[in-house]
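Got your viewer open and ready to click? Load the model, switch on the cartoon, and let's walk through it stop by stop.

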Amino acid sequence: MESIKVIDYLNKRPVTFKATMSVAEASERLLLSHQSGGPVLNDNRQVIGFLSEQDCIKRMLHDTYLSEAFFTVQEIMTSSPLTVTAEHSIFELAQQMTENKPKIYPVVDSDNHLIGTIGRTEVLKAIDIHLHAIYEKGHARFV
């Protein structure tokens, strides 16, 4: 399992945001992408935060109540999100996901530039493929 790497299962086209975007614009982008969140990038494509559906729901609910809509992504994003590298082990990430709350992790290079994202669905898929490969080899646990 250690040989299964994040690079083989990451989403190479994640939804991304700029810190200066309005929350309404970011929410629309989330809805169109059918993703539950994404990294916030600076002009150099470095990860500076993470924005989730939950962040947007909280802010938009508050804005609707007050009939306001002047907030930016920077004001509601999670700063310094947990990230992983492309060479990170899927097994280690799966263990990390059981202890930490993020459902999606930005995948970054050594300079914190975005490569993609990986979420619970991709991790589950990787583990499932691995287990099916063991099954096909006739592993005793699955016979």
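Start by selecting Gly49 and Ser79: Gly49 stands opposite Ser79 in S4. Before moving on, a word on what you're looking at: this is a predicted model, where local features need pLDDT of at least 70, side-chain atom pairs count only at pLDDT 80 or more, and totals for chains, interfaces and linings use all residues. Residues are numbered from 1 along each chain as its sequence is written, and side-chain values use heavy atoms, with hydrogens and water left out.

Now show S3 and S4 as a pair: they run antiparallel and are joined by two bridges. Strands here are DSSP runs of E with at least two residues, helices are runs of H or I with at least four, and both are numbered from the N terminus; two strands pair if DSSP finds at least two bridges between them.

Zoom out to the whole sheet. It is open, with four strands in the order S1-S2-S3-S4 and mixed pairing. Colour strand S1 (17-18) and strand S4 (78-79) to mark the edges, where each pairs on one side only.

Next, select residues 37-41 and 47-52. These are S2 and S3, paired in the antiparallel sense over five bridges. Click Pro39 and you'll find its bridge partner in S3, Phe50; click Gly38 and Leu51 in S3 stands opposite. The hairpin of S2 and S3 has five residues between the strands, and Arg45 there takes a positive phi near 65°.

Is S3 enclosed or open? Five of its six residues are buried (under 20% relative accessible area with a 1.4 Å probe, protein chains only), so S3 is largely enclosed by the rest of the structure.

Keep Phe50 selected and add Ser52, Lys101, Pro102 and Lys103: of the 17 residues lining the largest pocket, these lie nearest its centre. A pocket is an open set of points on a 1 Å grid over the protein atoms alone, where a 1.4 Å probe fits, with protein on both sides within 12 Å along at least five of seven lines; lining residues have an atom within 4 Å of a point. H2 gives the most to this lining, with four residues.

Lys103 also takes you to the second largest pocket, whose lining includes Asn11, Gln35 and Glu122 too.

Last stop: Arg59 and Phe71. The charged end of Arg59 sits over the ring of Phe71, 3.6 Å from its centre (the rule: NZ of Lys or CZ of Arg within 6 Å of the ring centre and within 35 degrees of the ring normal).

Note on methods: Buried means under 20% relative accessible area, exposed over 50%, partly exposed in between (1.4 Å probe, protein chains only).
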